[in-house]
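Work through the exercises below with the sequence and the model open. Each task is followed by a solution in steps.

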Amino acid sequence: MIICKWQQTDNLQVSQLEKECFSDCWSLEMIVSAYNNPNFLGYVAKVEDLVIGYIAVNYCLDEAEINLIAVSENYRRKNVATMLIDTMINELKTLSVEKIFLEVRRSNKGAQALYEKLGFTYIGVRSKYYQGVEDALLMCKVIKE
Ligand SMILES: CC(C)(COP(=O)(O)OP(=O)(O)OC[C@H]1O[C@@H](n2cnc3c(N)ncnc32)[C@H](O)[C@@H]1OP(=O)(O)O)[C@@H](O)C(=O)NCCC(=O)NCCS
């Protein structure tokens, strides 16, 4: 497994994996549009040429937000997401980003366990943020050394 910079040619595979991982997935058009944003930064995890995980952030000045993160079901609990986040944090530090934010569904206990393990803390709640039904928990990690 290797972690590499997310290239334009990865967009299609990412969107296929996104469909497998989320009921309210981003479409290919949304992914392409995010990729084309100058403040986009992304990494993919690959086994041979197959994308098995991805992370994308949008960053501005000293803050970044994780917009996309998922790992293919067959490759979970093997530290792939941890490696993607660590790689991203290392690059964000070189860009003088100091804080990373994310939103996670209240019901998504697995992702919350991952973020807690990596030092993210809860900073707020967006009530009924998802489809007007489920809360989003806001988390943050300070990465400034
Ligand atoms: C959440 C997700 C990205 C985690 O990816 P992953 O590669 O399996 O995570 P890691 O292997 O790096 O996990 C590291 C640690 O986080 C915690 N963790 C991760 N997934 C967990 C789960 N489902 N339940 C409990 N703890 C979990 C564990 O402490 C784990 O360490 P361990 O395996 O030694 O116990 C993956 O489950 C996924 O893609 N889920 C569907 C999409 C999604 O929910 N994305 C997040 C949106 S906010």
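**Exercise 1.** State which helices and strands each supply at least two residues of the shell around the ligand.

Solution. Helices (H or I, at least four residues) and strands (E, at least two) are DSSP runs, numbered from the N terminus. The elements that meet the condition are β4 (63-71), α3 (80-94), β5 (99-105) and α4 (109-117). Of these, α4 gives the largest share, six residues. The model is predicted: local features need pLDDT of at least 70, side-chain atom pairs count only at pLDDT 80 or more, and totals for chains, interfaces and linings use all residues. Residues are numbered from 1 along each chain as its sequence is written, and side-chain values use heavy atoms, with hydrogens and water left out.

**Exercise 2.** Describe the shell around the ligand and its polar contacts.

Solution. The shell takes residues with a heavy atom within 4 Å of the ligand. There are 20 such residues, and Val71, Arg77, Asn79, Thr82 and Asn108 are the closest. By class, eleven are nonpolar, four polar and five charged; here Ala, Val, Leu, Ile, Met, Phe, Trp, Tyr, Cys and Pro count as nonpolar, Asp, Glu, Lys and Arg as charged, and the others, Gly among them, as polar.

Next, take the polar contacts (pairs of N or O atoms within 3.5 Å). A polar backbone atom of Arg77 is 2.7 Å from a ligand oxygen. For the side chain of Asn108, a polar atom lies 2.8 Å from an oxygen atom of the ligand. In the side chain of Lys117, an N or O atom is 3.0 Å from a ligand oxygen.

**Exercise 3.** How many salt bridges are there, and which parts does the pair Lys5 and Glu91 tie together?

Solution. A salt bridge is a side-chain nitrogen of Lys or Arg within 4 Å of a carboxyl oxygen of Asp or Glu. The count is six. One joins Lys5 and Glu91, at 3.3 Å from N to O. Lys5 lies in strand β1 (residues 2-5) and Glu91 in helix α3, so this pair links parts 86 residues apart in sequence.

Technical notes: A polar contact is a pair of N or O atoms within 3.5 Å; within protein, one must be able to donate a hydrogen and the other to accept it, and residues adjacent in sequence count only if both atoms are side-chain atoms.
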